[in-house]
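Colleague: Please take a close look at the interior of this model, and state the cut-offs behind each term as you use it.

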Amino acid sequence: MSTISFSPEHRTWLLSTPHASYGFQLDATDAPCHLHWGAPLTLGQVEELARIYPAKRLDSFGGRRVPEELAVDGADRFGVAGLQVRFADGTRALEWAYVGHEIVEDEHGASLALRMRDRHYPLAIALHYRVHHDSDVIERHLVLEHTGGDGGPIEVLRADSAGWSLPERADYRVGHTVGDWAAETQLKRNQVAWGETVFTSRRGISSHSANPWVTLDAGDADEEHGQVWGAALAWSGDWRITVQRDTDNRVGLTGGFGHDGVSWRLNPGEQLTTPVFAGLYTAGGFGAASRAWHAYVLDHVLPHPREPRPVLYNSWEATGFAVDEAGQRKLAAQAAQLGVELFVMDDGWFGTRTSDTAGLGDWWPNPDRFPAGLRPLADEVHRLGMGFGLWVEPEMVNPDSELYRRHPDWILHFENRERTLLRQQSVLNFARPDVAQWAHEWLDRLVTENGIDFLKWDMNRTFSEAGWPQHGTDGEADRLWIDHVRNVYAIIDRLRADHPNLRIEGCSGGGGRIDLGMMARTDQVWTSDNTDALDRLTIQHGFSQIYPARVMGAWVTDSPNPITGRSIPLRFRCHVAMSGVMALGGTLSEWSAQELEQVAAEVARYKEIRATVQLGTRYRLTEVGDAGGITAVQYTSADGAETVLFAWRPSRPIGRQPAKMPLLALDPRARYRDRESGREYEGALLTEYGLPLELATHDYASTLTVLDRLEDPAER
Ligand code: GLA
């Protein structure tokens, strides 16, 4: 149960979630000052905090050091400003004035709108908070409104969705991911530097290089213990999160959409609504933090949260651009025999797209490759009992395309600058209403006419020369960074509304646009173009810090791997894919009969356990390769009846004793049976000493164990 309460006497608010509380109050200047984010406290206790630890006024160089709900520019504040504006007369400082607040309780949770304004200028600022009954995640966002007057437009230089402040600790550590194409979500944990540490994307997508979330801990948390705070942004364009640590050792962060230097012009009567920046506190270590994020994504972010994802086949690694009807029919027939449920034709089916140099933008079937259009293939795929999916990349155009020849001005560009090509393509300016309308129309037609069940929505380059010449000056032209993303969202939302059975995969050259914003309107994401099972262990470990297995697309592909050249046994490759949303992506015609039989058996096995893998609770039992070279992940169904364990050991071990892996969250009073071997174990021993692992002693050993809880412990 989550609630929001208010004490009028001290103008204090308390947000209470199942295992945490969050409090703040207005000070004498009406500034919303942060008080508490951590263990459950009462409203009275939070108020007492302010009394016994009052903020002291410092000398003339000290500046204001009171943590604020949203740090603004102005007075004696010298930290990073989460809200920075310039009024028409050039004034930049902002002065808070309290207007009022509303608390709304409903069956799912509670919301608070804290209504503020500038003391002098026509700017209304609403700080929004939302809590859900079953989650410790607090959602926050901001709404700015120019309330009129003749003062001219307000330039918004920075509008973060929220500032998050942490209690004082001796030290602090920040967790985040770095990455690159084919090497996404590499987890790092570093001491928080004194000063400001900026995590950002200036690329127009949330990016491969950094993912829009951070965790913070006092340097003492581990996977299953310790206080952990985290914040994740629901935005798929450029973004900035700044973590700051001052000389008093105070740590906080502020974050939102847009990167440095990008501004927004707010005209009289206009509003600017920022994306949700969600925060989470847990006392249960990084594992509990991840599990809380997973539950939040499953219950409150995804459009079809509890719907399991099918096993798909994707043609990309098998065919590259060489797709045609006969080849795809053949692949589809092979895929169907392996138990695949959704057949996805990737790039190369449209326009003159026979390589990455031409055709993007011309979204009609290539007449040489699909003489009768896509319908015959779609019908055949459906006849084989599978859904039909298609790759699209709506935001892009190759200069060598009919679209570009007709509309060279539709791309992001500046008049007097070169148009930088990346992967031979340019970014269409989706902020333009005519471009957005064009994209919606052809997508809608494509889906309607061909009975398409699934779209893989790709985005294969970053922004450059992000200009919109007709829109001239600063704030006006800059809005394309935000409007592009908003229009992508709007098109997807509209397609989904009009085609309720359509499912969508978010992709950006693999994992370049994975974030809570994309997740709110897609069903799964393409984790990485790197399908090498060994590299995937690290990528999936970083991915799992915030995002659940239910959205983590993972293909079994050819060996040696086309990107890394590494050869890995099929069993290991299957087990890595089966720990997410299992899919196939190989050149099936070159697989031996034995390999095909083996993969079909693994697909069948996956279907038995996928409800637990995709919708159960995920426990990372190790870091990647830290327990004698073993990486292990456990999934347990919500009712505790089924537990699935994957263990991978890429290199031959030094010792000879069989490894044991202690499990988590089993009932110590229950007995468990290994579904395959029939062996039985006491829950208490599995937790305390571990499950004996049947790992071969050669390189790339892996095992999948399914344990059934034998009886209700209450009956023992
Ligand atoms: C991106 C995707 C791949 C594939 C290609 C097609 O790289 O991540 O999976 O769809 O584009 O060009």
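Modeller: Cys-507 has a relative accessible area of 3%, so Cys-507 counts as buried (under 20% relative accessible area, with exposed over 50% and partly exposed in between, for a 1.4 Å probe and protein chains only). Cys-574 is likewise buried, at 0% relative accessibility. This is a predicted model, in which local features need pLDDT of at least 70, side-chain atom pairs count only at pLDDT 80 or more, and totals for chains, interfaces and linings use all residues. Residues are numbered from 1 along each chain as its sequence is written, and side-chain values use heavy atoms, with hydrogens and water left out. The count of disulfides (cysteine sulfur atoms paired within 2.5 Å) is 0.

Turning to the ligand, 13 residues surround it (a heavy atom within 4 Å), and those that come nearest are Asp-346, Asp-347, Arg-423, Lys-456 and Asp-529. This shell comprises 6 charged, 4 nonpolar and 3 polar residues, where Asp, Glu, Lys and Arg count as charged, Ala, Val, Leu, Ile, Met, Phe, Trp, Tyr, Cys and Pro as nonpolar, and the others, Gly among them, as polar. A polar side-chain atom of Arg-423 lies 2.9 Å from a ligand oxygen atom. For Trp-391, a side-chain N or O atom is 3.0 Å from an oxygen of the ligand; for Asn-460, the corresponding distance is 3.1 Å. The protein buries 97% of the 300 Å² that the ligand exposes when taken alone, by the Shrake-Rupley method with a 1.4 Å probe.

Note on methods. A polar contact is a pair of N or O atoms within 3.5 Å; within protein, one must be able to donate a hydrogen and the other to accept it, and residues adjacent in sequence count only if both atoms are side-chain atoms.
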